[in-house]
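Hi everyone, thanks for coming. Let me put my structure up on the screen, and then we can walk through it together.

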Amino acid sequence: MLIAAYCIGFLLAGYETTANTLAFTAYLLATNPEVQDKLCDKIDLYLQQNPSRGAICDMVLQESLRLYPPGFRAFRHASRNVKVKDDLVIPKGMSLVIPIIALHHSKVFWENPEEFRPERFTPEEKSKRPQLCHIPFGWGPRNCIGMRFALMEAKMALVTILKDYKFVQTPDTEVAFVPLMMRHLSNELLKQII
């Protein structure tokens, strides 16, 4: 019975986060038609030639997840003392809040962080910044168990939709929300921690 409950929870949690990711990606593509055109061209090429990779689709989804992560923060509890830096130790028993959205919108790691720029996720660009400044699914042994499934599902949905349709911005399209909490975490604090 417990296994069945875990499976149901896994599927239900995955649907909402994937749906939100796709909704924000559709918004970003509608408001950035040049990126959508580039993605549609690659999808057409993929469907014609069936290459083994769809890098632009990955980059579009990763940038969408950077701007609108499925979880705004993660909670952890230190099971042992952890030395982060010479002058920073997290003591055993301390509870931590990891501000994912603040990391994803920090000017410390991202030039013009409010802009939708999928090229941030080319291998060359990714190598220029710390790995832990982009963690839409968390990181380490407690990251999201459904990450691969969610990304595969989102890519399949995007390709299926964009091979025949385009997202368009209308006069009624509202500007997507940007959480206020991300503005309250000091960029200087992030520089010191990471």
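I'll talk about salt bridges to begin with, and then about a patch on the surface.

Keep in mind that this is a predicted model. So, how many salt bridges does a search of the whole structure find? It turns up eight.

Let's start with Arg 120, which pairs up with Glu 63; their closest N and O atoms sit 2.8 Å apart. Glu 63 is in helix H3, residues 55-67, while Arg 120 is in the loop between helix H4 (100-104) and helix H5 (123-126), so this salt bridge ties together parts that are 57 residues apart in sequence. Are these two buried or exposed? Both Arg 120 and Glu 63 are buried.

Now have a look at Lys 128 and Glu 125. They form a salt bridge too, with 2.9 Å between the closest N and O atoms. Lys 128 has a relative accessible area of 62%, and because the cut-off for exposed is over 50%, we call it exposed. Glu 125, at 30%, is partly exposed.

And there's a network: salt bridges with shared partners join Glu 63, Arg 66 and Arg 120.

Another pair is Arg 117 with Glu 119, at 3.3 Å between the closest N and O atoms. Arg 117 is partly exposed at 21%, and Glu 119 is partly exposed at 39%.

Okay, on to the surface. Which residues form a nonpolar patch there? They're Phe 149, Met 152 and Met 156, and together they have about 300 Å² of accessible area. Met 152 lies in helix H6, residues 147-162, and with 42% relative accessibility Met 152 counts as partly exposed.

How values were computed
Residues numbered from 1 in each chain as written. Predicted model: local features only at pLDDT ≥ 70, side-chain atom pairs only at ≥ 80, totals over all residues. Heavy atoms only, no water. Patch = residues over 30% accessible without salt bridge, like charges linked within 9 Å, V, L, I, M, F, W, Y side chains within 5 Å. Areas by Shrake-Rupley, 256 points an atom, 1.4 Å probe, with all protein chains shown as cover. Salt bridge = Lys/Arg side-chain N within 4 Å of Asp/Glu carboxyl O. Helix = DSSP H or I, 4+ residues; strand = E, 2+ residues; numbered from the N terminus. Buried < 20%, exposed > 50% of the residue type's maximum accessible area, 1.4 Å probe, protein only.
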